[in-house]
Amino acid sequence: MNNLKTITFLKKFLIVLVLVSFLGLTKAQEVDDESEFSYKEDSKNGPAHWGEIKPEWRMCNSGSMQSPIDLLNERVEVVSHLGRLHRDYKPSNATLINRGHDMMLSWEAGAGSIQINGTLYQLRQCHWHSPSEHTLNGRRFDLEIHMVHESMDNRTAVIGIMYKIGRPDSFLSMMKQDLKALVDTPNVERAVGIIDPKLIKLGSRKYYRYIGSLTVPPCTEDVSWTILRKVRTVTREQVKLFREAVQDESETNARPIQPINQRRIKLYRPRDNEN
Ligand SMILES: [Zn+2]
């Protein structure tokens with residue numbers, strides 16, 4: 001080997017060395033994350049016990065406005081005064097991360113906002129649950145995306161879109177390579193460049209609105225939920241990516257349905273002349 005070749009070889013060797021130690025580190029973190037909470041119903045850290053794991057997670061067990069819920073037709077009040085959902089999103093730099101319990105796409109500042117009852121909520125991140133967390137008249141679907149927004153005074157508004165098996169979803173087709181790259185590597189961030197949140201299609205003007213909570217610990221309440229009425233479609237292959245990414249034994253990450261209690265669910269339907 002001449003000098004140049006030796007140097008190239010040493011460089012490659014160093015890169016491999018760094019990668020191996022890096023992967024070792026993420027493995028250790030993965031174990032930590034898994035022990036925090038799980039989706040296994042009969043497990044000590046399963047959904048029925050989330051509220052006992054940490055004092056700051058107690059709402060998961062004692063809250064009365066928890067999510068997800070079943071959106072049952074008979075309980076829904078149809079209204080037209082909520083108005084159309086106004087999304088003012090902008091393309092912005094984003095990072096993808098496999099958090100162990102889900103896959104999350106987060107935007108740097110400036111991805112735009114939505115407006116609900118005069119309050120601006122900035123888009124922070126979106127992540128996916130499989131199967132869907134919310135149900136429609138008792139029916140669970142294959143996938144649900146949550147687009148998480150925050151207001152200046154730290155209130156949260158989430159837009160949820162549900163998907164069943166069918167034609168491919170174009171946003172997930174676009175993200176395919178990035179999602180694939182992270183399926184087996186929890187807690188590694190991947191820069192994915194500029195992503196336009198508008199490419200996550202709503203597909204309908206009709207939506208449900210109710211007040212609930214985060215569906216993972218700490219299960220914080222007073223979250224404004226907007227669930228699109230229309231169930232969109234994804235392919236089995238697209239759903240499989242999210243299932244495999246979940247480091248839970250069950251390969252699922254949907255919290256069980258929570259009691260509605262005294263809550264009202266509204267269904268916004270535009271008047272005919274607004275269509
Ligand atoms: Zn979620």
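Strand β13 (residues 207–213) is joined to strand β14 (residues 221–228) by seven bridges, and the two run antiparallel; strands here, like helices, are DSSP runs numbered from the N terminus, with at least two residues in state E for a strand and at least four in state H or I for a helix, and two strands count as paired if DSSP finds at least two bridges between them. The model is a predicted one, in which local features need pLDDT of at least 70 and side-chain atom pairs count only at pLDDT 80 or more, whereas totals for chains, interfaces and linings use all residues. Residues are numbered from 1 along each chain as its sequence is written.

Within the pairing of β13 with β14, Ser213 stands opposite Glu221. Strand β13 is also joined to strand β16 (residues 265–268), by three bridges and again in the antiparallel sense, and Tyr208 has Leu267 of β16 as its bridge partner. Five of the seven residues of β13 are buried, so this strand is largely enclosed by the rest of the structure; a residue is called buried if 20 or more other C-beta atoms, placed from the backbone, lie within 10 Å of its own, exposed if 12 or fewer do, and partly exposed in between. For β14, six of the eight residues are buried, and this strand is therefore largely enclosed by the rest of the structure. Strand β14 pairs with β11 in the parallel sense over four bridges, with Ser224 of β14 as the bridge partner of Ala157.

Strand β11 (residues 156–165) supplies six residues, the largest share, to the largest nonpolar core. This core has 42 residues, and those with the most contacts inside it are Leu143, Ile145, Met147, Val158, Ile161, Tyr163 and Phe242; such a core is a set of buried Ala, Val, Leu, Ile, Met, Phe, Trp, Tyr and Cys residues joined through C-beta atoms within 7 Å. When neighbours within four places in sequence are left aside, Tyr163 is in contact (C-beta atoms, placed from the backbone, within 7 Å) with Phe141, Asp142, Leu143, Asp169, Val231, Arg232, Thr233 and Val234.

In helix α5 (residues 236–245), the buried residues are Gln238, Val239, Leu241, Phe242 and Ala245. These residues cover an arc of only 145° around the axis, taken from the directions from the helix axis to the C-beta atoms, which puts them on the same side of α5. The face turned away from this buried side carries the exposed residues Arg236 and Glu237. The buried residues of α5 pack against several elements, including β4 (92–98), β5 (103–107), β10 (143–150) and α4 (170–182).

A further set of three strands forms an open sheet of mixed pairing in the order β1-β8-β9, in which the edge strands β1 (70–71) and β9 (139–140) each pair on one side only. Strands β1 and β8 (residues 135–136) run parallel and are joined by two bridges, with Asp70 opposite Thr135.

Overall, the secondary structure of the protein comes to five helices and 16 strands. Of its 275 residues, 32% count as buried, and among contacts between residues at least 6 apart in sequence, 68% join residues at least 24 apart.

Notes. Two residues are in contact if their C-beta atoms, placed from the backbone, lie within 7 Å.
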